[in-house]
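User: Please take a close look at the aromatic side chains of this protein and at what surrounds them. I am new to this structure, so a careful and connected account would help.

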Amino acid sequence: MKFNVLGALEVDAGAEPVRLGSAKLRTLLAVLLCSGREPASVDRLLDALWGAAPPRTAAENLRGYVHQLRRALGDPARVEHRPPGYVLRVRADELDSARFEDLVERGRTAFAAGDLEAASVLLRQGLALWRGTPFAGLDEVDLLRDEAARLLERKQTALEARIEVDLALGRHHDVVAELSRLVALHPLRERVRGQLMLALYRSGRQSDALAVAREGHQLLVAELGLEPGPALRKLEQAILTADPALDLMAVGPVEAAGRQREVPRQLPASVPGFVGRDAELTHLSEMLDMTEAGSGTVVIGGTAGIGKTTLAVRWAHQAAGRFPDGQLYVDLRGFDPDSPPVDPADVLQGFLDALGVSPDRTPVDLAARSALYRSVVADQAVLVLLDNARDAEQVQWLLPGGTACHTVITSRTEPTGLVVRYGAHPLALDVLDDDEAVALLASRLGPARVAAEPDAVDELIRFCARLPLALAIVAARAAMRPTFPLLAVADELRDERGRLDALDTGQPMTSVRAVFSWSYQHIGPRAAGAFRLLGLHPGPDIGLTAAACLVDAPVAETRAALSELTRANLLQERRPGRFSFHDLLRTYAGDRAAAHDTEEERHAALRRLLDHYLYTADRVDRLLAPNRDHLELPPAPVLSEELTDSAQAWRWYEVERHGLAGSIASAASNGLHAHAWRLQHVLTTCFDRRGHWHEWVVTGQVALSAARQAEDAEGQGLLHQGLGRVLALLGRHEEARPHLTRSLELHRELGDLVQQAHTEGVVAWSLEHQGRVDEAVRHAVRALEAYRAVDHRYGEAAALNMLGWHQTKLGEHHSALRNCGQALVLYEEQGDQRGCAHTWDSIAYTHHQLGNYNEAIASYLRALHLFRDLHDYYYESGTLTRLGDTQHAAGDVNAARATWRQALRLLDELRHPEASAVLAKLDTAGSPGVR
């Protein structure tokens, strides 16, 4: 499938174009395409579709348009719901704007490498993709209008690059007419004007070239009050004097033989087979375009092995043509393990030598030497690349002062000082995405070898955590063993404990462990200790309080250590207060912990972390389900989060969710069996109400295994009950049955009548959903009798409501209303909002069966209000489904369809099989309108 935006929006599925219908559907697709791999938020989409005054039903209508788009594209997975909105899954080769960007960058790369013919072909192919104004007809949307403007600017710069190539190839006669039109269209673009001047001069039209220069000078002064830039002034002077070096001033790397200009060209060789980083390369170019006359400073930051130098050198080669006075480079060795950082005075000596300054003119004093350096480059267009900087103090003397100069710095430390003191633009480099990682391997190993083993490639990328250095190492290993399958290379990395050994090349500059160690050796002992223990954390990120428990330090001291690690790019703070590792850095932290910390120290740290999660999760459970039968835990041995209401409880769970699942597995694998099953049990309220049932099954099985190993009957009974319940919720009733049977057996052995009753209730629920209502009634009655025997009022209410539901299924509607009414009184006495919600839903269902549709709708709305307040998505979806049934039975088809659509959205997000039944209702219910 091809998505074309370089003109009117088009989608080509091969046989024929995809018909998108309404303008809003086209707008929705266009905004999703603009958002790339990041989700377009619901707010952004609503604003794009309806502007500042969306209708009351806008959110519901949006879901309808998303459904239409999925159908139009013929693949529901194309449009993925991902909070806070939606994302369109599009490969780079499917989008014409992405193909355009790729061809242009490849053309610039070929130009920088001196392959002019290839550069010309690639740039022309990219420009040939254009059909008109991007997103034509959708320009009333600000986002699309801005993106169209950006793409048009990229087209213009690509066109100018293609003309540079033509000039370098001696095609000056061919481009004069084209350049004349471009200057008329863009009279203030100095680059185009300079190209026209050069083309005219080389065509023997010196006076015309000077006239173009005078016209530009007059326009700039009249329109902007500015003089032309140094490059244009220098070109005009050269034309006036018929400078024989003019042939060399054509922007680009190729110069005439025998007439080499004395300018420094110190850039290291670009890495062959460079792939990806398109967004970062574009950003660096945009930073250059934004700064006045090209001056400015950009700092590329990121952890070791992330590819900072490779990116900087790659971009510098592409941009070299914009700096005809030279390119300076130095490796400042800020983190070299064997030598101190390079002295700025020595760097300045080298720069001044390269710029042609006689050694006898070079001052000894550092400040004076820096001043001379700035004076020399003041009127020159020079690119300065300062690689591997230690800190702002090291580079401050090396920043040029000229308005035409541009500086790129790479550093492992956060560039706060440079940003604050010198207005530098930070560019934080992250790992490669999956497509870029595949492309890197293909560039080193060949596309055929990579395509032949896609599963092995996926494993290599996962084991290398998409770190460019690690991927380059495994690619080198594979390249040296061309007969080995890639799976064999992946097998070397499979064991996490030996992964760093497998990524050791024997050379400090290219071994992952060695490269990481350079950063580790430069942090203080407190931060180093925190770094090692943080490797024990099983989740994707960690909060401050949890980290303080893990490292056994006060919160303030922990915050200082984490800040030091973040500044050193050994840790990332992707969200305020949440700290995360790169996966290989986590492995390295574990490697250092095993070398420096005893097994007892590591075990104690993990126990403190698990205590923190267990006691905080227990607090969450008590806030969300105050009437539940909670575990009795001893006083908390560590600091837990201070949560006071359900909103705070939900926020904590959502932030910590994945770390909690990992903590259960970590507890089980490290012999902390009680922590594993208790943490699992206290999380079931959250799993249930958020519909995280698949996760519940996985973690429940891990926790059950831990309880079995500990021979803990209480834990086994509770976990069998929980697994039986969640499997029944998922419709896997045959799998649920043995768990429920075993739960009953264990609780009978323990003499726990309350838990027996709880399990009987789950059995009744499962049987009713299998259509075995008579059997369900018997189990519901058993639960009711057991609850009443121990005066368990909450359980009694639940059993009465369940019994009433079953009686309605059997046609005993008046008995059902009586039992549900009693349940409602008990729930209201206890202030149990969730129980009231379930009971109102049962009452509504009974009224529907009696034909009392108005009473049913009113009761459903009361249940719906309570479920929404509780964020109980699954039961909200059930109430919505039944409410839609009642509205449909009452003859209000449009209201029914709108309600079912709400239910379908929730069930889709929960990935629940009941979604198909709701979709069937929408497909069969007649309605004038489009669903």
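Analyst: Rings of Phe, Tyr and Trp (for Trp, the six-membered ring) are taken as a pair if their centres lie within 6.5 Å, and the pair is stacked with planes under 30 degrees apart, edge-to-face over 60 and tilted for the rest. By this rule, twelve aromatic pairs are counted. This is a predicted model, in which local features need pLDDT of at least 70 and side-chain atom pairs count only at pLDDT 80 or more, while totals for chains, interfaces and linings use all residues. Residues are numbered from 1 along each chain as its sequence is written, and side-chain values use heavy atoms, with hydrogens and water left out.

One of the aromatic pairs is made by Trp 693 and Tyr 874, which meet edge-to-face, at 4.7 Å centre to centre and with 85° between the planes. This pair links distant parts of the chain, 181 residues apart, since Trp 693 belongs to helix α32 (residues 693-709) and Tyr 874 to helix α41 (residues 873-889); helices (H or I, at least four residues) and strands (E, at least two) are DSSP runs, numbered from the N terminus. Trp 693 counts as buried because its relative accessible area is 0%, and Tyr 874 is likewise buried, at 5%, where buried means under 20%, exposed over 50% and partly exposed in between, with a 1.4 Å probe and protein chains only. Trp 693 and Tyr 874 also belong to one aromatic cluster, together with Phe 867 and Tyr 875.

Helix α41 carries a charged contact as well: the side chain of Arg 882 meets that of Asp 841 in a salt bridge of 3.0 Å, N to O, a term for a side-chain nitrogen of Lys or Arg within 4 Å of a carboxyl oxygen of Asp or Glu. Here too the two partners come from distant parts of the chain, with Arg 882 in helix α41 and Asp 841 in helix α39 (residues 833-850), 41 residues apart. Arg 882 is partly exposed because its relative accessible area is 22%, whereas Asp 841, at 5%, is buried. In the structure there are 55 salt bridges.

A further ring meets a charge in another way: the charged end of Arg 690 sits over the ring of Trp 650, 3.9 Å from the ring centre, a contact counted if NZ of Lys or CZ of Arg is within 6 Å of that centre and within 35 degrees of the ring normal.
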